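Let us walk through this structure step by step, beginning with its charged pairs and moving on to its nonpolar parts.

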Amino acid sequence: MELAKRILKKVLLALLSLFVIITITFFLMELLPGDPFMSEKATAEQQAILRAKYGLDQPVHIQYIKYLGNLLQGDMGNSYVLQKGRAISTIVTDAFGVSLRLGLIAIVTAIVVGVTLGCLSGLRKGKLVDNVIRVITSVGISVPGYVIAAVIMLVFAVNLRLLPTSFNKPGGWVMPVIVLATYPTCYLARLTRASILDVLGQDYLRTERAKGMNEFTVIFIHALKNSLIPIITYLGPLTASILTGGFVAESVFNVPGLGRYFVSAISARDYTLIMGTTTFYAALVIFMNLLCDILYQVVDPRIKMN
């Protein structure tokens, strides 16, 4: 019962956070110069008619109230510019489907490779393997995503001609996944290494060894389990970020995912699409963080969701 109350409290706080994000985004969006119809080849009178048609000529607070009312009914409106007249919910759903497929592969890759490298580095502290992994992960964290995208495209697509530059061709998903997975893989490796080193110095592991427990069980059952807390903390925003699409990866490799639409919507001042992608992204981040809070107690029941 106590756990249910804590979860309910977290859910209510999550909804409040989402409401605040929607509100701030809406009013910040209104501060952008111009409007969606400035790029239209239309007279000032025609632009005024379009603004009146979509209610953009009304006071900001009236627009805000109407938007919240429609949103509560599941209506995010229609696109003004990029896909005129198409429902935002449909655009977000279709684009997220593409980002989801890429994101799941990138997440699994990052977790498996990152945690494995982190464990290997932590267990071989000071050895050659540890030094090599630390150098590689430092480079992977430091180099911007667009640089990584440009390098792998130059190497694998232009010079070696092993992979296509178009996402729609066979194997076109490989380079975007590499770009999406590079930073989280390197970060998870360093995070796991630090956690493993911290846990290995705990007294309870010495006790387990003294009881005659084999080293594999000590390391991969007890030590690894108790080093997962910081990793789980990072997996929440990581998962949301990757699943909604990497802005750089999707833009460079022309992937029709949610990240590319988010960037394009801002450039085009497509207000409803900006709100739709931002709301979806914020909801996903908040949900993943809430899920992580709940998983904390699965990994370590001593943690309370205060």
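In this predicted model, Arg193 and Asp130 are both buried, and their side chains meet in a salt bridge with an N to O distance of 2.9 Å. Because Arg193 belongs to helix α7 and Asp130 to helix α5, this pair ties together parts that lie 63 residues apart in sequence. The relative accessible area of Asp130 is 0%, so this residue falls under the 20% limit that defines a buried residue.

Asp130 also forms a salt bridge with Arg134, where the closest N and O atoms are 3.9 Å apart. Since Asp130 and Arg134 stand 4 residues apart in helix α5, which covers residues 128-142, about one helical turn separates them. Arg134, however, counts as partly exposed, because its relative accessibility is 37%. Taken together, Asp130, Arg134 and Arg193 are linked in a network of salt bridges.

The count of salt bridges comes to 3, and one of them joins the side chains of Asp94 and Arg86 at 2.3 Å, N to O. Here Asp94 is partly exposed, with a relative accessibility of 41%, and Arg86 is likewise partly exposed, at 26%. As a general matter, side chains of opposite charge can pair when their charged atoms come close.

We turn now to the nonpolar interior. The largest nonpolar core holds 33 residues, of which Met175, Val179, Leu188 and Phe253 touch the most other members. The elements that contribute two or more residues to this core are α4 (88-123), α6, α7 (174-200), α10 (228-243) and α13 (271-299). If neighbours within four places in sequence are left aside, Leu188 is in contact with Ala110, Ile111, Gly114, Ile231, Tyr234, Leu235 and Leu238. Apart from this core lies another, made of 28 residues that include Phe26, Val92, Tyr271 and Ala282.

Which residues form the nonpolar patch on the surface? The patch, of about 900 Å², is made by Tyr146, Val147, Val151, Leu154, Val155, Phe156, Val158, Leu160, Leu162, Val248 and Val252. Two elements, α6 (145-159) and α11 (247-252), give two or more residues to it, and α6 gives the most, with 7 residues. Val151, found in helix α6, counts as partly exposed because its relative accessibility is 46%. Helix α6 therefore appears in both settings, since it gives two or more residues to the largest core and also supplies the most residues to the surface patch.

How values were computed. Residues are numbered from 1 along each chain as its sequence is written. This is a predicted model: local features need pLDDT of at least 70, side-chain atom pairs count only at pLDDT 80 or more; totals for chains, interfaces and linings use all residues. Side-chain values use heavy atoms; hydrogens and water are left out. Patches are made of residues with over 30% relative accessible area and no salt bridge: like charges are joined within 9 Å, nonpolar side chains (Val, Leu, Ile, Met, Phe, Trp, Tyr) within 5 Å. Accessible areas come from the Shrake-Rupley method with a 1.4 Å probe; for residues, only the protein chains shown count as cover. A salt bridge is a side-chain nitrogen of Lys or Arg within 4 Å of a carboxyl oxygen of Asp or Glu. Buried means under 20% relative accessible area, exposed over 50%, partly exposed in between (1.4 Å probe, protein chains only). A nonpolar core is a set of buried Ala, Val, Leu, Ile, Met, Phe, Trp, Tyr and Cys residues joined through side-chain atoms within 4.5 Å. Contact means heavy atoms within 4.5 Å.
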